[in-house]
Amino acid sequence: MGMCRRRPQVAMATPGRWAAAVLLLAVAAAPPPARGFSLPLQQPGDCGDARYFDISRLACRPCGAHQRQSAGGSSCECQPGYRMVSSNGGSSVICEKCPANMSGVTQDGWNCIICPKGLTSEGKCKCLNNEILVERSVDGVLLDEALCIHCNGSEQSFSASDSSGNRCVRCEQTFINVTKSCDCSSPNVLTGGLCFSASENLPPKGVATVRFGQLGITLTSTWFLKNLQSSASACWLYSNLTACQALGNMCVMNMNSLSSSSTDACGLFQYIYINTARLGIVNSISFWRHNLPWLYYGDQPGLASQVLEANHFPTTFSFKGTDKDVKLQFIAASFDAAGNFLKWQNLEGGVLQLCSDTQTRLDAAYTFGTTYQQSCKISVSKILLDFANPIFYDLFLKYNGDNGQQYLWAVPVLNLNLQYSEMFVNQGSNMNNWLLTRRFFLVDTLSGKENDLGKLPRVIRIASKITIRIRLVSPTQRGTIYPPLITVAYTDVLVQNPESQSVMVSFSVSYEMDQSEAQVQTDITLGVLGGLAVLWSLLKTAGWKRRTGSSIIDLQTVFKFLLFYAGDLANVFFVITVGTGIYWLVFFKAQQFVSVLLPLPSQEEYFVTYIACAFSLKALQFLQLLVSQLTIDIFFIDWERPKGKVLKAVEGEGVIKSAVAPVSIWRTYFIANEWNEIQTVRKINHLFQVLAVLFFLEVVGFSNLALMDSSSSLTRSSDSYIAPCSRILRFGVSAALWLAIALLQIIFFSVFYERFVEDKISQFVDLCCMSNISVFLLSHSCFGYYIHGRSVHGHADTNMEEMNMNLKREAENLCSQRGLLPNTDGQTFQISISRKMRLHYDRIHEALTRKRGPARLLDSSANTFEQSTRAYNTMNKFLGSFIDHVHKEMDYIVKDKLLLERILGMEFMEPMEKSIFYNDEGHSFSDVLYYGNETTLLIFDILFFSVVDLASQSFILAAILTYLQQEIFRFIRNTLGQKNLASKTLVDERFLI
């Protein structure tokens, strides 16, 4: 049982002791009532030299006597002149002062030692150059006195101390070449750890400064101070490939800026480039000098346009095909700051994208035809951590030759921060002034370091905006492109508090083509249709003048012409924008071999302007239509005659007399209510229209057709990249859906609903005839409509049995026809009345509307109600007699309109002596209702929906606001139309429900 352990003997606890222990534990475990579980935040940098950061307490603690904070900050170390006696980390350090004769401390800090050549600021021994410090013998025994051993730089050894001063190593080859030793004494030149002979033709003295123009700061870079002159000299004298690359990188860190008076990194590079023409060029590229990196395309005026447009990229792309046809295969040669080649890098995986995302979304940037946009805000601390060492890229586009060999096409860089003779030549739009370059970087945390490369930089430079621009050769049918262009804009950041500082960065890929031809065609179409709109508006104005009975061209005529032209021009803009949107939707999304590319957002501005103009002009036309419908003159002619007489008590006389039986007013009220109901009847259901459009856009996925990518699929996976929307495609998709759904509704309404369910316009005409009520409408001074509702049965105020009998007789053709003329069925007419007829109508109408005092035809002693009643009866009698040809001086004729009159919507004959009734089988009186203006209402709804959507980029918000405006205007039309109806017909508004 040796593996078992015996339990220790424990005394039995009494119940009292258990209770006390539990109480103590509860008190100890309970948190302080005020502080809870909080503690003050302290960081290692807050502790200072005399304290250290206790990682167990997460707080600063004091160091012991003769101690200071260590380099790491989480422990203490002995002050200079003191050695460690013991150390267990933190403040558990015991220090002892070194004796006066052994004042130095060994490198490990544990022993005191004699230093023959003095002490460093840390209290350690120091040696001279080319000497190494020795504190222990070969077997590890500590020496009483440190030794400074000189490295043998003679021809047999060529050794010198390394950078740490701990070993003797072979000295740099330039020392040996120049002095045959490891000493680079005067007059030889020592720079950057290299030795150059004074007799050699060295490049000019370089300026080791870097200018950060956005901050207005010019600083001396430690990296440039250490490496600029040596790299330039080694590149110039020895054609050292790495040194040439390092010099080129320093020029790139200086934004490739060129100045004739400066000998900075780019000035030295240009000096070497110009003076090494004898070395020849690389790959038959005149700008690529042998041994040097390719940094510039040259500074000749107009060279940029030749580089970007003179040659086509030697392969084609498509929207549907293999990966090599639909993918942009970018590849980059990468270098470090010292000029070492790192590797070839495929750009997929987010090499150039500073914003993190999924692999699929990052790689979508290189799918041909997909407009890519990515932006985010990155903290400076993350940038310093992720990009401690800058990487430089030479970008190429890979393609396959005819023989199957892979080739690279150099991609030019447009650096917006580049200065040429102190001018930002790349920030203008004139391509002939651009200075194209080759190499670029994402983040530079190196050139902004002052004094010490191991410390944080004072300034960092970030590629805050990178854009790859792809231009399609136009015209093309096979997806041919010009060489791509990568545009880079850098942001200078003064590093002050990296944790709180951040930078907005973006990466995008845009596609464009020459849109000038499309713009010219659009302008021509607009000019032609705009000219036709002027002629059409003039015809409308002439027709309006004829209908108003005026022949004078006055200010009102000009204003009316402008209103007509506004509506017609709105239709022109609408046709052009819808046609443009559907054109781009079909030809861009359906193409396999790329022949067209979408306009850029900046190129869409003209399109948005057209939509805004169309909406503004259509809104003006709609408001004019609304006003005209709310001010029409209307009167219901009651053909019913009294049937017999009745006994009636005479008020105030106490006698009963015989009087004509009154005619019931309820039929008039009934017709007025029916007219009131059909005022806003439309050929489409506007609620269904809005919901159906929204359903197809958001649920079915038609909105995905508006994305600026090559896919024509209606669905997108959740992990795929969602391209930005094109405003042209967005309008094209929504307008096409509006028109398609509205057309289907109108076809259904006209072919099925009105034929088999109800036709409210025809039913209203029938109802007028059954009610023995005619409708007299004047939409203009001398033009309007007439609905002949005179009953063929003589009267309509009867009981149910007689009414059914009348309907049966009419169905069996046992009575005359309903038409105004004998043996005709024509009940609806367009009327063009004479001025005499209009003047007589107005005289009666003045009393009817009570706009003036009592009419001269009425008894001035009668009250207002009686005057209105008499005026109503007078108007009813007058219009009835007018229809019955009683007034020979105001007679009328009935005729058919000419075909051209129907097409133009105007009348050629002017009613001089007699009014003219034109047969109208199309029920055109609906022109004073919503029903007859469906086209105007539909276009207004589409434009309103589109304007809201383009402003908010939300189909849902556009649908909600469109429905709300429909309901608001419908309410206004109903309410004010009802008031006008009550005013013009003397029907009490309380009976209009």
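**Exercise 1.** In which helix is Val757 found? Decide also whether Val757 is buried or exposed.

*Solution.* The model is predicted. Step 1: Val757 belongs to helix 15. Step 2: a residue counts as exposed over 50% relative accessible area. Step 3: Val757 has a relative accessible area of 54%, so Val757 is exposed. Step 4: Val757 also helps make a nonpolar surface patch of about 700 Å², together with Leu743, Ile747, Phe748, Val751, Phe752 and Phe756.

**Exercise 2.** Check whether the span of helix 12 agrees or disagrees with 1.5 Å a residue.

*Solution.* Step 1: helix 12 runs over residues 605-629, which is 25 residues. Step 2: the expected span is 1.5 Å times one less than the number of residues, which gives 36 Å for helix 12. Step 3: the end C-alpha atoms are 36 Å apart, so the two values agree. Step 4: the buried residues of helix 12 include Phe607, Leu617 and Phe622, and among the elements that cover its buried residues are helix 15 and helix 21.

**Exercise 3.** Find which parts of the chain the salt bridge between Glu512 and Arg469 ties together.

*Solution.* Step 1: side chains of opposite charge can pair when their charged atoms come close. Step 2: a salt bridge needs nitrogen and oxygen within 4 Å; for Glu512 and Arg469 the N to O distance is 3.6 Å. Step 3: Glu512 lies in strand 29 and Arg469 in strand 27, so the pair ties together parts 43 residues apart in sequence. Step 4: both Glu512 and Arg469 are buried. Step 5: salt bridges that share partners join Glu512 and Arg469 with Glu309 and Arg471 in one network.

Notes. Residues are numbered from 1 along each chain as its sequence is written. This is a predicted model: local features need pLDDT of at least 70, side-chain atom pairs count only at pLDDT 80 or more; totals for chains, interfaces and linings use all residues. Side-chain values use heavy atoms; hydrogens and water are left out. Helices (H or I, at least four residues) and strands (E, at least two) are DSSP runs, numbered from the N terminus. Buried means under 20% relative accessible area, exposed over 50%, partly exposed in between (1.4 Å probe, protein chains only). Contact means heavy atoms within 4.5 Å. Patches are made of residues with over 30% relative accessible area and no salt bridge: like charges are joined within 9 Å, nonpolar side chains (Val, Leu, Ile, Met, Phe, Trp, Tyr) within 5 Å. Accessible areas come from the Shrake-Rupley method with a 1.4 Å probe; for residues, only the protein chains shown count as cover. A salt bridge is a side-chain nitrogen of Lys or Arg within 4 Å of a carboxyl oxygen of Asp or Glu.
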